[in-house]
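User: Please take a close look at one part of this model, the sheet together with the helices and loops around it. I would like one connected account rather than a list.

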Amino acid sequence: MAERIGIFGGTFDPIHVGHLVAAVNAHHDLGLDRVVLVVANVPWQKVGARKVTPAEDRLEMVTAAVDGVPGLEASRLDNHRGGPSYTADTVSQLAAMNPGAELFVIVGWDVSAELSSWERLGEVRDMASLVVVNRPGTAPPVGLRQLGWRLEQVSVPNLEISSTDLRARAALGRPLDYLVPEAVVRVIRQRGLYAGGG
């Protein structure tokens, strides 16, 4: 039977419980064998918009967050490839590494509304199903099926957690407990991340 692999890419600056709730629910609801959290090397849509924490630090946080969580794993694929991170490259590489696997690209409702901005979107659509994670009772943006996507939906509790807010909290020395996993809080403190307001 073909392996079912979820691909959850992001900047993860920092990773928080909202990301993890989405990943574990997609893993469970869709019967995925594993969900790979791919840390963007250079998140091209954020370049110039704000300072982005170095990829190795973000990878360390994701690795700490998923340690011991069944079915979730951190990936440095984009870091090894270097340069800007495009979902099409990541999906293509995972497809080559896992012949015959069924691939599922996991995105939040907000991201699914902006898919038209993605590079080589047709390649992603041809290689993978799209999983839209949303709040209960929320429909995905209109038109995704008409555009040819194989579409799945996963509902999760509404957790209004923002990485922007978390960076600001960390810069002010405010607690991050229960917003990010304890292991991630340790990485942030040990590496002095966000201390300068980054």
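Analyst: In this predicted model, six strands form an open sheet in the order β3-β2-β1-β4-β5-β6, and their pairing is parallel. The edges are taken by β3 (72-75) and β6 (151-155), each of which has a single partner strand, so that one side of each is left without a neighbour in the sheet. From one strand to the next the twist averages 30°. At the β6 edge, strand β5 (residues 128-134) pairs with β6 in the parallel sense over five bridges, and within this pairing V133 has V154 in β6 as its bridge partner.

Two helices that lie across these strands can be described next. Helix α1 (residues 17-29) lies across β1 (4-10), β2 (34-39), β3, β4 (102-108), β5 and β6, and runs at about 120° to β6. Helix α4 (residues 87-97), in turn, lies across β1, β2, β4 and β5, with an angle of about 150° to β4.

The loops deserve a careful reading of their backbone. In the loop between β1 and α1 sits P14, which is joined to D13 by a cis peptide bond with omega of about 0°. Most peptide bonds are trans, and most residues other than glycine have a negative phi. Against that background, R120 has a positive phi of about 50° although it is not a glycine; R120 belongs to the loop between α5 (109-112) and α6 (121-127), and its relative accessibility of 35% means that R120 counts as partly exposed. Y178, likewise a residue other than glycine, has a positive phi near 70°, and is placed in the loop between α7 (163-171) and α8; because its relative accessibility is 77%, Y178 counts as exposed. The loop between β5 and β6 holds G148, which at 45% relative accessibility counts as partly exposed. G148 lies 23 Å from N98, C-alpha to C-alpha, with their positions 50 residues apart in sequence.

The helix that follows the Y178 loop, α8, brings in one further packing contact. Helix α2 (residues 55-66) and helix α8 (residues 182-191) pack with their axes 8 Å apart and at an angle of about 150°, and are therefore roughly antiparallel to each other, while their crossing is right-handed. On the α2 side the contact involves E56, D57, E60, M61, A64 and A65, which meet A183, V184, V187, I188 and R191 in α8. By character, the residues of this contact divide into seven nonpolar and four charged, with no polar ones.

Methods: Residues are numbered from 1 along each chain as its sequence is written. This is a predicted model: local features need pLDDT of at least 70, side-chain atom pairs count only at pLDDT 80 or more; totals for chains, interfaces and linings use all residues. Side-chain values use heavy atoms; hydrogens and water are left out. Axes are lines fitted to C-alpha atoms, for helices over the stretch in contact, and angles run from 0 to 180 degrees between N-to-C directions. Helices (H or I, at least four residues) and strands (E, at least two) are DSSP runs, numbered from the N terminus. Angles under 35 degrees count as roughly parallel, over 145 as roughly antiparallel, 65 to 115 as roughly perpendicular and the rest as oblique. A crossing is left-handed if the near helix is turned anticlockwise from the far one by less than a right angle, and right-handed if clockwise. Contact means heavy atoms within 4.5 Å. Ala, Val, Leu, Ile, Met, Phe, Trp, Tyr, Cys and Pro count as nonpolar, Asp, Glu, Lys and Arg as charged, and the others, Gly among them, as polar. Two strands pair if DSSP finds at least two bridges between them. Buried means under 20% relative accessible area, exposed over 50%, partly exposed in between (1.4 Å probe, protein chains only).
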